[in-house]
Amino acid sequence: MTPGRLITLEGGEGSGKSTQASRLVDDLRSQGIEAVLTREPGGVPLAEQIRDLILNTRPAASTAEFLLFAAARAEHIAELIKPVIELGQWVVCDRYIDSTRVYQGELSSIPAELISAVETHTVAPYFPDLTLMLDLNPAIGRERALMRGDTNRYDQAEAQVHETIRQGFLDIAAREPDRCVVIDASESEADIAGQISRVVARRFGLSG
Ligand code: TMP
């Protein structure tokens, strides 16, 4: 049996993660790889309920918010990511640990030691085999998100916040070059999908 893999897509609002995650799954399936598309927060029923809670009723305490994201992730790993990987299938996940590091760590000032401890106890050993960082000028991302009519609380945040998010993801990519690849998300949808397909083929030795 071939090993299961976990590929995550990360990036700011409107960077096209969801579209590209879905295209990547189609691409993998067309090459005979069984792949499951999922997202965070969410992916399994309890985690989707936590998603609604967090996004519709913003917790006042940033620690409460962090722990809700962590709870959703623990459930997602137990109920979907772990079993799918154990079957030798691939998981493509729209957002994962790096969103917590950036949004809760950088924006909400949750201490890095706490984030790291929770990763050690709830995520390990399900760290991503590959993380695609979709990088986009926040002004374009915001425009795209508004055009979709997608205005959650982060979309309404100011430009500086979006710049912090962008830089947060780029910093992680620079620190973990073996895991992360930065993708230029200003290209057309098809071009971005092409970039991703090539990166994945190279990383996992697929013929493409
Ligand atoms: P989405 O709409 O891109 O799926 O993401 C929902 C929001 O949740 C998005 O603004 C980022 C935020 N988020 C966090 O703050 N921490 C996390 O760990 C995750 C997965 C998402």
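Glu 86 is partly exposed, with a relative accessible area of 47%. In this predicted model, Glu 86 pairs up with Lys 82 through a salt bridge, with N to O at 3.3 Å. Lys 82 is partly exposed too, at a relative accessible area of 34%. Both residues belong to helix α3, and because they are 4 residues apart there, about one helical turn separates them. In general terms, side chains of opposite charge can pair when their charged atoms come close.

That pair is one of 11 salt bridges counted in the model. Another one joins Asp 135 and Arg 166, with N to O at 2.9 Å. Here the link runs between distant parts of the chain: Asp 135 sits in strand β4 and Arg 166 in helix α7, 31 residues apart. Asp 135 is buried, at 17% relative accessible area, while Arg 166 comes out as partly exposed, at 23%. The cut-off for buried is under 20% relative accessible area, so Asp 135 falls below it, whereas Arg 166 does not.

Moving on to helices α4 and α5, Glu 119 forms a salt bridge with Arg 101, and the closest N and O atoms are 2.8 Å apart. This pair also ties together distant parts of the chain, with Glu 119 in helix α5 (residues 112-123) and Arg 101 in helix α4, 18 residues apart. Both Glu 119 and Arg 101 are buried. The two residues are also part of a wider arrangement: salt bridges with shared partners join Asp 98, Arg 101, Glu 119, Glu 176 and Arg 179 into one network.

Asp 94 tells another story. This residue lies in strand β3 (residues 90-94) and is buried, yet Asp 94 has no salt bridge. The nearest side chain of opposite charge belongs to Lys 17, 4.3 Å away. A salt bridge has to be within 4 Å, so the Lys 17 side chain misses the cut-off. What the side chain of Asp 94 does have is a polar contact with the side chain of Ser 18, at 2.7 Å. Leaving aside residues up to four places away in sequence, Asp 94 touches Leu 9, Lys 17, Ser 18, Ala 21, Thr 38, Arg 39 and Glu 40.

Asp 94, Lys 17 and Ser 18 turn up again at the largest pocket, where they are among the residues nearest its centre, along with Arg 95 and Arg 148. The pocket has a volume of about 770 Å³, and 35 residues line it. Helix α1 (17-30) gives the most to this lining, with 6 residues. At least two residues each also come from β2 (35-39), α2 (45-56), α3 (62-86), α4 (97-107) and α8 (189-204).

A search of the whole structure also turns up 2 cavities of 30 Å³ or more. The largest cavity has a volume of about 140 Å³ and is lined by 17 residues. Nearest its centre lie Gly 11, Gly 12, Glu 13, Leu 136 and Arg 166; the last of these, Arg 166, is the salt-bridge partner of Asp 135. Helix α7 (159-175) gives the most to the cavity lining, with 5 residues, and β4 (130-135) and α6 (138-147) each supply at least two.

Technical notes
Residues numbered from 1 in each chain as written. Predicted model: local features only at pLDDT ≥ 70, side-chain atom pairs only at ≥ 80, totals over all residues. Heavy atoms only, no water. Buried < 20%, exposed > 50% of the residue type's maximum accessible area, 1.4 Å probe, protein only. Lys, Arg positive; Asp, Glu negative; His and termini not counted. Polar contact = N/O pair within 3.5 Å; in protein donor to acceptor, adjacent residues only side chain to side chain. Contact = heavy atoms within 4.5 Å. 1 Å grid on protein atoms, 1.4 Å probe; cavity = no way out; pocket = protein on both sides within 12 Å on 5 of 7 lines; lining within 4 Å. Points joined across faces, edges and corners; volume = space filled by probe spheres on them.
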